[in-house]
Amino acid sequence: MDPVGQACPHFLSLEPDINLNSPNKGLGPTGGVDSLTGVSMEGGATGVAAVNTLPPGLTEEEAEELYSELGKVEEEINTLRQVLLAKERHSADLKRKLGLSPLNELKQNLTKGWQDVQTSNAYLTASATLDDIAQSEAYKKTSETLSVAGQKTTAAFSTMGTALSRKLGDMRNSPTFKSFEDKVGNIKLG
């Protein structure tokens, strides 16, 4: 109730608004700024009478009616949030009783999602296109060319490895390496 005894919209009451989603949260009898109108509410003065300016073309009666409707809608939103929260709790309880964990649920969702992807027109079209490409002459020639190139590269590396091994063996048998090996051996023993 406002000081005159008329019903005030709930967001202009003397009680502080603690609804976290409210544009007026934290405002109460100590005053503040009405976030809807931008008008200062000094010393806790509330109600439409405290609002000095109204949007153009809006009478006080229309403003009060809109505030009343807004209050009802916000109240319905809060009720729906409470109902949704209760339903989510009930759902979680049922899942727990059925032994469904969030991980199992995620696996099921991913499996279903992958099945949906595999049966989608886009996937089927892309798959058919890739099959067509794999059967094309250009793909076959490119594949053969890459295969031959890979074989030649493997042979070249093998030949290079053999030559390198032979050179290292020759170097190890050289008199310089033998002399070096004897000196290192003498250091270890000495």
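How far apart should the ends of helix α1 be, given its 39 residues at 1.5 Å a residue? In this predicted model, helix α1 covers residues 60-98 and should span 57 Å. Its end C-alpha atoms are 57 Å apart, so the expected span and the model agree.

It helps to see where this helix sits in the overall plan. The chain contains five helices and two strands. Read from the N terminus, the order of the elements is β-β-α-α-α-α-α, so helix α1 follows the two strands by the numbering of elements from the N terminus. Of the 190 residues in the chain, 13% are buried. The accessible surface of the chain amounts to about 15,200 Å², and carbon and sulfur atoms account for 61% of that area. Among the contacts in the chain with a separation of 6 or more, 29% join residues 24 or more positions apart.

A closer look at helix α1 shows residues in quite varied surroundings. A63, Y67, G71 and E74 are buried in this helix. R96, by contrast, has a relative accessibility of 58% and counts as exposed, because the cut-off for that label is over 50%. K97 is also exposed, with a relative accessibility of 61%. D93 has a relative accessible area of 25% and is therefore partly exposed, a label used for values between 20% and 50%. Just after the helix comes G99, whose phi is positive, near 80 degrees.

The charged residues of helix α1 deserve a moment of attention. Side chains of opposite charge can pair when their charged atoms come close. The structure has four salt bridges in total. In one of them, the side chains of R96 and D93 meet with an N to O distance of 2.4 Å. These two residues are three apart in helix α1, which means that about one helical turn separates them. In another, K97 pairs with D93, and their closest N and O atoms lie 3.5 Å apart. K97 and D93 are four residues apart in helix α1, again about one turn of the helix. Why do such spacings suit a pairing along one side of a helix? An α-helix has 3.6 residues a turn, so residues three or four places apart point the same way.

Helix α2 offers a further example. There, the side chains of D116 and K112 form a salt bridge at 3.1 Å, N to O. Both residues lie in helix α2, four residues apart, or about one turn of the helix. D116 is partly exposed, with a relative accessible area of 42%. Back in helix α1, salt bridges with shared partners link D93, R96 and K97 into one network.

Aromatic and nonpolar side chains complete the picture. The structure holds one aromatic pair, formed by W114 and Y123. Their ring centres are 6.0 Å apart and the planes meet at 75 degrees, an edge-to-face arrangement. W114 is partly exposed at 46% relative accessibility. Y123, located in helix α3, is partly exposed as well, with a relative accessible area of 33%. Together with V117 and L124, W114 and Y123 make a nonpolar surface patch of about 370 Å². Which helices supply at least two residues each to the nonpolar patch? They are α2, spanning 102-118, and α3, spanning 121-135.

Terms used: Residues numbered from 1 in each chain as written. Predicted model: local features only at pLDDT ≥ 70, side-chain atom pairs only at ≥ 80, totals over all residues. Heavy atoms only, no water. Phe/Tyr/Trp six-rings, centres within 6.5 Å; stacked < 30°, edge-to-face > 60°. Buried < 20%, exposed > 50% of the residue type's maximum accessible area, 1.4 Å probe, protein only. Patch = residues over 30% accessible without salt bridge, like charges linked within 9 Å, V, L, I, M, F, W, Y side chains within 5 Å. Areas by Shrake-Rupley, 256 points an atom, 1.4 Å probe, with all protein chains shown as cover. Contact = heavy atoms within 4.5 Å. Expected span 1.5 Å × (residues − 1).
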